[in-house]
Amino acid sequence: LSTVTYHEQTDASFYDNNVSAAAALDLFDKRAALSFNNAFEYNYYPHEDASTYASYSPQLLFRHNISKTIYHRLGYDFEIRRYPERKAEDGSRAKKAAARQDIRNGLAYELAGLGIKDIFLKIKNRYYVNDSNDQYMDYYDYWALRLDISTVVPLFRDRLFALIGAGYQRT
């Protein structure tokens, strides 16, 4: 459970509330694992009701430990996001009866492991498709392909680490 709030309210202020739970099952003598994550989020914008939304995001992951220091993981995630105070619009900008809603489906694959001198390296690919019932704001319907590379480098006696990462996304 996490909540983000601001001491002073401005036009950009929002309250972000998250609740998540996860469960994992070890398989094949701990050489693999299947996990399920579940998240609920409510973002409230006090000065912009049309931006307020609620979302539900389940995720299913399969991890295979290639060795003691290297693994790869495949995941599927789904998200449904609903804007209760914002009506979807058709192509001529006429309001529909239904609230705006986005549905996202995604697949992710990552390969990670410890290398020389305990340097951890992770490469992650992610592809997702977002579909909105808002026809006027057509840019809510899109696909994206994202590549991320990150590394964790120990700096001082296994107590201080540097996290370095870069990513590229194409839509």
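Student: Why does Tyr53 count as buried?

Tutor: Tyr53 has a relative accessibility of 8%. Buried means under 20% relative accessible area, exposed over 50%, and partly exposed in between, with a 1.4 Å probe and protein chains only. The 8% of Tyr53 is under the 20% limit, so Tyr53 counts as buried. This is a predicted model, in which local features need pLDDT of at least 70 and side-chain atom pairs count only at pLDDT 80 or more, while totals for chains, interfaces and linings use all residues. Residues are numbered from 1 along each chain as its sequence is written, and side-chain values use heavy atoms, with hydrogens and water left out.

Student: What makes Tyr53 and Tyr83 a tilted pair?

Tutor: The search of the whole structure finds five aromatic pairs. In the pair of Tyr53 and Tyr83, the ring centres are 5.6 Å apart and the planes stand at 50°. Rings of Phe, Tyr and Trp (its six-membered ring) pair if their centres lie within 6.5 Å; planes under 30 degrees apart count as stacked, over 60 as edge-to-face and the rest as tilted. The 5.6 Å meets the distance limit and 50° falls in neither of the other two classes, so the pair is tilted.

Student: How do you know that this pair links distant parts of the chain?

Tutor: Tyr53 is in strand S4 and Tyr83 in strand S5, 30 residues apart. Strands (E, at least two residues) and helices (H or I, at least four) are DSSP runs, numbered from the N terminus. Tyr83 is also buried, because its relative accessible area is 7%.

Student: What makes Glu110 and Arg73 a salt bridge?

Tutor: Their side chains meet at 2.9 Å, N to O. A salt bridge is a side-chain nitrogen of Lys or Arg within 4 Å of a carboxyl oxygen of Asp or Glu, so 2.9 Å qualifies. Glu110 lies in strand S6 and Arg73 in strand S5, so the bridge ties together parts that are 37 residues apart in sequence. Glu110 is buried at 4% relative accessibility, whereas Arg73, at 25%, is partly exposed.

Student: How many salt bridges are there in the whole structure?

Tutor: The search finds six. Among them, Asp102 pairs with Arg100, with the closest N and O atoms 2.7 Å apart; both residues are buried. Another joins the side chains of Asp148 and Arg146 at 3.1 Å, N to O. Asp148 is partly exposed at 23%, and Arg146 is partly exposed at 28%.

Student: Which residues does Asn130 contact, leaving aside its neighbours within four places in sequence?

Tutor: Asn130 is in contact with Asp102, Ile103, Arg104, Tyr140, Asp141 and Tyr142. Contact means heavy atoms within 4.5 Å. Asn130 sits in strand S7 (residues 120-132) and counts as buried at 7% relative accessibility.

Student: Why is Ala94 called partly exposed?

Tutor: Its relative accessible area is 33%, which lies between the two limits, so Ala94 is partly exposed. Ala94 lies in the loop between strand S5 (70-89) and strand S6 (95-114). Not counting residues up to four places away in sequence, Ala94 touches Ala88 and Glu89.

Student: What makes Leu34 and Phe28 members of a nonpolar surface patch?

Tutor: Patches are made of residues with over 30% relative accessible area and no salt bridge; like charges are joined within 9 Å, nonpolar side chains (Val, Leu, Ile, Met, Phe, Trp, Tyr) within 5 Å. Leu34, in strand S3, has 35% and is partly exposed. Phe28, at 59%, is exposed. Both values pass the 30% limit. The patch covers about 750 Å² and is made by Leu25, Phe28, Leu34, Phe36, Leu60, Phe62, Tyr76 and Leu107. Strand S3 (32-44) and strand S4 (53-65) are the elements that give two or more residues to the patch. Accessible areas come from the Shrake-Rupley method with a 1.4 Å probe; for residues, only the protein chains shown count as cover.

Student: What is noted about phi of Phe28 and of Asp29?

Tutor: Phi is near 50° in Phe28, a positive value in a residue other than glycine. Phi of Asp29 is near 55°, again positive in a residue other than glycine. Phe28 lies in the loop between strand S2 (15-27) and S3, and Asp29 is in the loop between S2 and S3. Asp29 is exposed, because its relative accessible area is 68%.

Student: Which elements have the lowest and the highest mean pLDDT?

Tutor: Strand S1 (residues 2-4) has the lowest, 60, and S4 the highest, 96. pLDDT is the predictor's confidence in each residue, from 0 to 100. The protein averages 88, and 92% of the residues score at least 70.
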